[in-house]
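Please open the model in your viewer and keep the sequence panel beside it, so that each selection can be made by residue number. The stops below are meant to be taken in order.

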Amino acid sequence: SGVGLSHFTDDMQAIRLSIRWYREALINQSSRWTALATTAELLVQGRGYHVWMYNNVPVNWVVTGSVYQGSFTWSTANGRLTSSTTTSNTDRDKWNLLGNPYPSPIVWDGDPAKWNINDVNLVATTVYVTDESTGVNFAYNYADGSGADGSGSVYPLLTNGVIARNQAFWVFVNPGASITINEQAKVPGNVAGQNFYRTKENILNQLTVSFGNENIKDEAYFKINEESTEGLDMRFDAPKLFNEKFSVFFVDDYGQNLGMHTVPSVESKNEVRLGFIVAEPGDYYFDLRSKGDLSDLQNWYLVDKVTQSSIPLAVAKNWKVTITSDQLESNNRFTLMREVSLFNVDISVSPNPFVSEIQITAPHEILSVELIDINGKKLFEQNLIEGSKIVRIDASTIQTGIVIAKVKTTDGLFNKKLIKK
């Protein structure tokens, strides 16, 4: 605490506008990066700053005084955290750039002796550290250790969750959040992140989607964990922190953009959407890697709906796609899709939403119908001895919510998402 521009070299004092902090509470997102007001302004302890170095000239700073010790708390109550909702692009809301308050590396960990989080539903379990030279965000999720990817990625995740001395890091919070770091979160300063080993290796059921060009890549992660829930689960999911140059992300059933998307099961799913944003048209490449048991995805494909081309997930390596200038971003062009339902839209289920009865119409004979909820629980099942192309079902006893209709025909198996009023 008590550090200001007077502790920096003379060059940095002259360009105070190059030191900025992210003022999340501002509604106008274009002005959230806020410069220091005067050369006399002190840096705020626990706040992250973005420092621009002109012409690649190193910036030195000299700090004197006592070393900070003890716990440190960020919260919406003390104003060190903010959680806003704008009327425009909410993807930038609720992100806070925090600063490591200790003069040593720290580890992002779920151990309450190291970090106290008042409610796991208010603070995402993933932190991000931005590599400014590439624009890529390194990420680490303490819930399952997914930061230690170790699979040879060009831009690996934040190794073992170690945040370097003086490093700023991003967290995603909801109103009422409180985060306290304790002395136990420190790790020895002479231990590099890649040499800091966890006491237990978690086996992840994870699909890594890498997307980029010859110079740079971004990644998004899809996982299957029966303890997770549908929608934004703050224990297992991570909202996407968008890069400046381009981004790839998953889009859940509620339209939320996620850098890490975890579902309890794919039993009730027909497809999982991938979104992307790029700054320039050109050729880009997908590389998919799996880890753990992903046998439930063995018959799934990566699909390009624009070109109507597909490739099995297991062999989706260096798969080239062309992005044109009229479609530099999309939430619906690329998707992970079951083999049996590629490009088929002939199954009709109506009405949707429904109250009591639904009618299923297909171009081929219907062999069976099954209704399940979003967690895979079976609600209704009917096998048809004599196939028909039209089936009516009394669903009046089903509770309100999302229902998946699994329709098996002589042409394959198809899923349709319904809403029960």
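The tour begins with the whole chain and then moves through rings, charges and backbone details.

**The whole chain**

This is a predicted model, in which local features need pLDDT of at least 70 and side-chain atom pairs count only at pLDDT 80 or more, while totals for chains, interfaces and linings use all residues. Residues are numbered from 1 along each chain as its sequence is written, and side-chain values use heavy atoms, with hydrogens and water left out.

Colour the chain by secondary structure, and one helix and 28 strands should appear; here helices (H or I, at least four residues) and strands (E, at least two) are DSSP runs, numbered from the N terminus. Of the 421 residues, 47% count as buried, where buried means under 20% relative accessible area, exposed means over 50%, and partly exposed lies in between (1.4 Å probe, protein chains only). The accessible surface of the chain is about 20500 Å², and carbon and sulfur atoms account for 47% of that area; the areas come from the Shrake-Rupley method with a 1.4 Å probe, and for residues only the protein chains shown count as cover. Among contacts between residues at least 6 apart in sequence, 70% join residues at least 24 apart, a contact being heavy atoms within 4.5 Å.

**Strand β1 and its surroundings**

Select residues 19-22, which make up strand β1 and include Ile 19. Ile 19 is buried, at 1% relative accessibility, and its C-alpha atom is separated by 5.9 Å from that of Ala 35, 16 residues apart along the chain.

The structure holds 21 aromatic pairs; rings of Phe, Tyr and Trp (its six-membered ring) pair if their centres lie within 6.5 Å, and planes under 30 degrees apart count as stacked, over 60 as edge-to-face and the rest as tilted. One of them joins Tyr 22 and Trp 170 edge-to-face, at 5.1 Å centre to centre and with 75° between the planes. This pair links distant parts of the chain, with Tyr 22 in strand β1 and Trp 170 in strand β11 (residues 168-172), 148 residues apart. Tyr 22 counts as buried at 12% relative accessibility, and Trp 170 counts as buried at 8%.

**A stacked pair and a cluster**

Next select Phe 211 and Tyr 284, whose rings are stacked at 5.5 Å centre to centre with 15° between the planes. Phe 211 belongs to strand β13 (residues 206-212) and Tyr 284 to strand β19 (residues 282-291), so the pair ties together parts that are 73 residues apart in sequence. Both Phe 211 and Tyr 284 are buried.

Then show Tyr 68, Phe 72, Trp 74, Tyr 102, Trp 108, Trp 115, Tyr 142 and Phe 169, which form one aromatic cluster.

**Charges over rings**

A charge sits over a ring if NZ of Lys or CZ of Arg is within 6 Å of the ring centre and within 35 degrees of the ring normal. Select Arg 47, whose charged end sits over the ring of Trp 21, 3.5 Å from its centre. Lys 186 offers another case, lying over the face of Tyr 102 at 4.6 Å from the ring centre.

**Salt bridges**

Stay with Lys 186 and add Glu 183: the two form a salt bridge whose closest N and O atoms are 2.8 Å apart. A salt bridge is a side-chain nitrogen of Lys or Arg within 4 Å of a carboxyl oxygen of Asp or Glu, and a search of the whole structure finds 11 of them. Glu 183 is partly exposed at 28%, and Lys 186 is partly exposed at 26%.

Now select Asp 304 and Arg 333, a salt bridge with its closest N and O atoms 2.9 Å apart. The pair links distant parts of the chain, Asp 304 in strand β20 (residues 300-304) and Arg 333 in strand β23 (residues 329-338), 29 residues apart. Is this bridge made by buried or exposed residues? Asp 304 counts as buried at 2% relative accessibility, and Arg 333 counts as buried at 5%.

**Backbone details**

Finish in the loop between β24 (348-350) and β25 (357-373), which holds Pro 351 and also Pro 353. The peptide bond from Ser 350 to Pro 351 is cis, with omega near -10°, and the bond from Asn 352 to Pro 353 is cis, with omega near 10°.
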